[in-house]
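Student: I have a structure open and a list of terms I do not trust yet. Can we go through them one at a time?
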Amino acid sequence: MKKMMMLAFVSLLMACGSSKVIRQAENTLKGNWSLESVTYDRAGTYDITLLGDTSKACFQSSRWQFIPNDYKGNYSIINATCNTGNRYFKFDIQEVDATTGLYDFLLKPTNDKYKSDTNKGFRLKLTQLSDTNMQWQQSVSVEGKPFVINMNFTKLQ
């Protein structure tokens, strides 16, 4: 009976953990990245504040660090014409469709102790993740129509 209960307990723990696909994504995500470019799905000039923080120009070349085992990270705005410095966040990767490789990615800005005053976050799609590149997509509405923001990262060595 004890063996049966232990087996059931272990099975329950395994079922509650992240899927193998998400664990692989978290392992690939771990480390330091550079946000190389921010693009849109249509032509034009748009005044957009990304992640409730700052402009596209300020985010380009920012440095990002992901620590998946704690679901924490930070990024640094390094453009001297912007409000430079470190920003902190918590994140979560949720599997959407393992066959297409698309994921929901929740990023919640925090203070330097990883506490959020508002408990608000940003839902993004993790549309590409390899050992060297990553892309996030955020869908917003502009003039009542869907508008997609692409954030393109390169892994730093």
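**Terms and the values behind them**

Tutor: We start with Tyr114, which sits in the loop between strand S7 (102-110) and strand S8 (122-129). Keep in mind that this is a predicted model.

Student: Why is Tyr114 called buried?

Tutor: Its relative accessible area is 15%. Buried means under 20%, so Tyr114 counts as buried. Its phi is near 60°, a positive value in a residue other than glycine.

Student: What about Leu51: buried or exposed?

Tutor: Leu51 has 5% relative accessibility, so this residue is buried. Leu51 lies in the loop between S2 and S3 and has a positive phi of about 50° although it is not a glycine.

Student: Asp53 is in that loop region too. What makes Asp53 partly exposed?

Tutor: Asp53 lies in the loop between strand S2 (49-50) and strand S3 (54-55). The class partly exposed falls between the limits of 20% and 50%, and Asp53 is at 26%, so it belongs there.

Student: How do you know that Asp53 and Tyr75 make a polar contact?

Tutor: Their side chains are joined at 2.7 Å, and the limit for such N or O atoms is within 3.5 Å. Leaving aside neighbours within four places in sequence, Asp53 is in contact with Phe59, Tyr75, Ile77 and Arg87.

Student: Which polar contacts does the side chain of Ser62 make?

Tutor: The Ser62 side chain reaches the backbone oxygen of Phe59 at 2.7 Å and the side chain of Trp64 at 2.8 Å. Both values can be set against the limit of 3.5 Å. Ser62 is found in strand S4 (residues 62-67), and at 0% relative accessibility it counts as buried.

Student: How do you know that Cys58 and Cys82 form a disulfide?

Tutor: Their sulfur atoms are 1.9 Å apart, and the cut-off is within 2.5 Å. The count by this rule comes to one disulfide.

Student: Why is the disulfide of Cys58 and Cys82 called left-handed?

Tutor: The torsion about its S-S bond is about -90°, so the disulfide is left-handed. Cys58 lies in helix H3 (residues 56-59) and Cys82 in the loop between strand S5 (72-77) and strand S6 (85-97), so the pair ties together parts that are 24 residues apart in sequence. Cys58 and Cys82 are buried.

Student: Now the rings. What makes the pair of Phe66 and Trp136 edge-to-face?

Tutor: The structure holds 21 aromatic pairs. In the pair of Phe66 and Trp136, the centres are 6.1 Å apart and the planes are at 80°. Rings pair when their centres lie within 6.5 Å, and an angle over 60 degrees counts as edge-to-face. The two values meet these conditions, so the pair is edge-to-face. This pair links distant parts of the chain, with Phe66 in strand S4 and Trp136 in strand S9, 70 residues apart. Phe66 is buried, with a relative accessible area of 1%, and Trp136 is buried at 0%.

Student: Why is the pair of Phe91 and Phe105 called stacked?

Tutor: The centres of their rings are 5.8 Å apart and the planes are at 15°, so the pair is stacked. The limit for that class is under 30 degrees. Phe91 is in strand S6 and Phe105 in strand S7, 14 residues apart. Phe91 counts as buried at 4%, as does Phe105 at 0%.

Student: Where do these rings belong in the wider picture?

Tutor: One aromatic cluster includes Phe66, Phe91, Phe105 and Trp136. The largest nonpolar core has 32 residues, and Phe66, Phe105 and Trp136 are among those with the most contacts inside it. In soluble globular proteins, nonpolar side chains tend to be buried together.

Student: Last one. How do you know that strand S10 pairs with S1 and with S9?

Tutor: Pairing needs at least two bridges. Strand S1 (residues 31-40) and S10 have seven, in the antiparallel sense, and Ser34 has Thr154 as its bridge partner in S10. Strand S9 (residues 133-142) and S10 are joined by ten bridges and also run antiparallel; here Ser141 stands opposite Pro146 in S10. Strand S10 (residues 145-155) is mostly covered, with eight of its eleven residues buried.

Technical notes: Residues numbered from 1 in each chain as written. Heavy atoms only, no water. Buried < 20%, exposed > 50% of the residue type's maximum accessible area, 1.4 Å probe, protein only. Helix = DSSP H or I, 4+ residues; strand = E, 2+ residues; numbered from the N terminus. Core = buried A, V, L, I, M, F, W, Y, C linked by side-chain atoms within 4.5 Å. Contact = heavy atoms within 4.5 Å. Polar contact = N/O pair within 3.5 Å; in protein donor to acceptor, adjacent residues only side chain to side chain. Phe/Tyr/Trp six-rings, centres within 6.5 Å; stacked < 30°, edge-to-face > 60°.
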